[in-house]
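Colleague: I am new to this structure and would like a close look at a single part, the sheet. Could you take me through how the sheet is put together and what packs on it?

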Amino acid sequence: MSNAVIEVVTFKLNPGVSDADYVAASQMTENFVRGLPGFVARSLSKGEDGSWMDYVIWSDMTAAREAAAKFPQADCTADMMRMIDPATVALRHETRLWMMAAA
C-alpha cells in the first residue's frame, strides 16, 4: 500500500461540547466509515491546545476524495458535524511516501 493516502482533518469543537460527547458522536460514524471503499484505518486525537485531529488512511486518492464528499452528507455524521466549529476546519489529503511500524 505504498500509494496510500492520509486524510488529516484538524478542527476545534464549539464551546460547551465535551470531549466525551464528541468521541461518542464520532464512534457513531464507525460503521459508515468502515463501509466506504478503500478505508484502511482511523484515529482521533486532541492536542493540549484544544485542537483535534481526525487521521484516516485510505487505499488511494480516489477513495479519499469520494469519502470526503460523502461524509458530511451521511445521516450518522450530523451530530458530530454540529459539534465542530466550522471556522476551524482544515482538511488535506497527502500521499504516504514512507511508513515505519513496530516489529
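Modeller: What follows is a walk through the sheet, with a few words on the whole protein at the end. Please keep in mind that this is a predicted model. The sheet is an open one, formed by 4 strands in the order β2-β3-β1-β4, and the pairing is antiparallel. At its edges lie β2, residues 39-46, and β4, residues 90-95, each of which pairs on one side only. From one strand to the next the twist averages 15°. Strands of a sheet pair through backbone hydrogen bonds, either parallel or antiparallel.

To see one pairing in detail, take strand β1, residues 5-11, which pairs with β4 in the antiparallel sense over 6 bridges; Val9, for instance, has Leu91 in β4 as its bridge partner. Helix α1, residues 19-27, packs on the sheet and touches β1, β2 and β3 (52-58), with its direction at about 170° to that of β2. Helix α3, residues 61-70, also packs on the sheet, where it touches β1, β3 and β4, and its direction makes about 165° with that of β4.

Turning to the whole, the protein has 4 helices and 4 strands, which follow the pattern β-α-α-β-β-α-α-β when read along the sequence. The radius of gyration is 14 Å, close to the 13 Å that the globule rule gives for 103 residues, so the protein is as compact as a globular protein of that length. Among contacts between residues at least 6 apart in sequence, 72% join residues at least 24 apart, and buried residues make up 28% of the 103 residues.

Technical notes. Residues numbered from 1 in each chain as written. Predicted model: local features only at pLDDT ≥ 70, side-chain atom pairs only at ≥ 80, totals over all residues. Heavy atoms only, no water. Pairing = 2+ DSSP bridges. Helix = DSSP H or I, 4+ residues; strand = E, 2+ residues; numbered from the N terminus. Axes fitted to C-alpha atoms, helices over the stretch in contact; angles between N-to-C directions. Contact = heavy atoms within 4.5 Å. Rg over C-alpha atoms; globule rule 2.2 N^0.38 Å. Buried < 20%, exposed > 50% of the residue type's maximum accessible area, 1.4 Å probe, protein only.
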